[in-house]
Amino acid sequence: SQGGALTLQSGTMSMRNTVLAPYAGSRGALTNSGGTLTATELHIGGQGAGIVSVSGGTLSTPLLSLAEQAGGSGTLVIRGGVVTVTSNLVVGNCGNGAAASVALSSTGQLYVTNASHTATLIVDNGTFSMNGGTLVADNIILTNACGASFTRTAGLLSYRRLQIEGNNSVSGLTPTLPPPA
């Protein structure tokens with residue numbers, strides 16, 4: 001089993017197309033507790049198990065995907081700080097059975113938005129749970145026959161468009177903020 005971990009506590013780090021846990025049996029972890037992290041693309045859990053934890057600082061990327069390939073698992077935990085995705089945040093892949101999870105809580109902030117309002121949060125196979133924090137998205141899509149779920153018990157929520165398809169478990173999707181401007 002291959003693995004690695006990176007912790008950013010302060011400072012600035014820029015990454016290109018990055019895959020955490022790209023191979024079957026591999027593990028990868030990235031923790032940001034106070035730095036500024038940017039990536040051209042960030043893929044969490046290729047064919048292995050990847051986790052990104054944000055408790056402070058910022059993480060910015062156009063594309064963030066979790067568990068894209070068969071055997072992959074991806075987890076994104078946002079307890080603090082700001083995560084900004086300007087194109088797509090894709091949670092899991094129903095086509096190959098790869099499941100993922102996103103947990104947003106406390107003072108964490110997740111923005112899936114851009115100036116043309118085309119950024120999209122797609123929950124395909126896995127769970128999105130929100131028990132605090134702030135989620136602002138241009139579009140939210142819950143789609144598949146895999147049983148993706150979205151649950152919000154607390155926190156602030158804003159979106160422009162919501163699309164629900166298939167056998168999804170949904171609760172707490174009533175917006176508490178106006179749509180992204």
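In the predicted model, strand 8 and strand 9 run parallel and are joined by four bridges. Within this pairing, Leu121 is placed opposite Ile140 of strand 9. Strand 8, which comprises residues 120–123, is also paired with strand 5, which comprises residues 73–91. These two strands likewise run parallel, and four bridges connect them. In the pairing of strand 5 with strand 8, Val90 has Ile122 as its bridge partner. Strand 8 is thus described by parallel pairings with strand 5 and with strand 9.

Strand 9 extends over residues 126–142 and contains Asn139. Asn139 is classed as buried because its relative accessibility is 9%, under the 20% limit for that class. A polar contact is formed by the side chain of Asn139, which reaches the backbone oxygen of Ala119 at 3.0 Å. When neighbours within four places in sequence are set aside, the contacts of Asn139 comprise His117, Thr118, Ala119, Thr120, Leu121 and Arg161. Ala119 therefore appears both as the residue whose backbone oxygen is reached by the Asn139 side chain and as a member of the contact list of Asn139. Leu121, also in that list, is the residue that stands opposite Ile140.

A second position in strand 9 is Gly132. With a relative accessibility of 8%, Gly132 is assigned to the buried class. The contacts of Gly132, apart from neighbours within four places in sequence, are with Leu104, Ser105, Ser106, Ala154 and Gly155. A separation of 23 residues in sequence lies between Gly132 and Gln109, and their C-alpha atoms are 9.2 Å apart.

Strand 10 covers residues 149–164 and includes Arg152. Arg152 counts as buried because its relative accessibility, 14%, falls under 20%. The side chain of Arg152 reaches the backbone oxygen of Gly155 at 2.9 Å. Gly155 is also among the contacts of Gly132. Residues touched by Arg152, with those up to four places away in sequence not counted, are Met130, Leu157, Ser171, Gly172, Thr174 and Thr176. Arg152 and Leu173 are 21 residues apart in sequence, with a C-alpha to C-alpha distance of 6.9 Å.

Thr174, one of the residues touched by Arg152, is located in the segment after strand 11. In contrast to the buried Arg152, Thr174 is classed as exposed because its relative accessibility of 57% is over 50%. The C-alpha atoms of Thr174 and Arg152 are 9.2 Å apart, and the two residues are separated by 22 positions in sequence. With neighbours within four places in sequence left aside, Thr174 is in contact with Arg152 and Leu157. Leu157 is thus listed among the contacts of Arg152 as well as those of Thr174.

Strand 11 spans residues 169–171 and contains Val170. The relative accessible area of Val170 is 32%, so this residue is classed as partly exposed, between the limits of 20% and 50%. Val170 joins Leu162 and Ile164 in a nonpolar surface patch, and the accessible area of these residues together is about 200 Å². Membership of such a patch requires over 30% relative accessible area, a condition that Val170 meets at 32%.

Key. Residues numbered from 1 in each chain as written. Predicted model: local features only at pLDDT ≥ 70, side-chain atom pairs only at ≥ 80, totals over all residues. Heavy atoms only, no water. Patch = residues over 30% accessible without salt bridge, like charges linked within 9 Å, V, L, I, M, F, W, Y side chains within 5 Å. Areas by Shrake-Rupley, 256 points an atom, 1.4 Å probe, with all protein chains shown as cover. Salt bridge = Lys/Arg side-chain N within 4 Å of Asp/Glu carboxyl O. Buried < 20%, exposed > 50% of the residue type's maximum accessible area, 1.4 Å probe, protein only. Polar contact = N/O pair within 3.5 Å; in protein donor to acceptor, adjacent residues only side chain to side chain. Contact = heavy atoms within 4.5 Å. Pairing = 2+ DSSP bridges.
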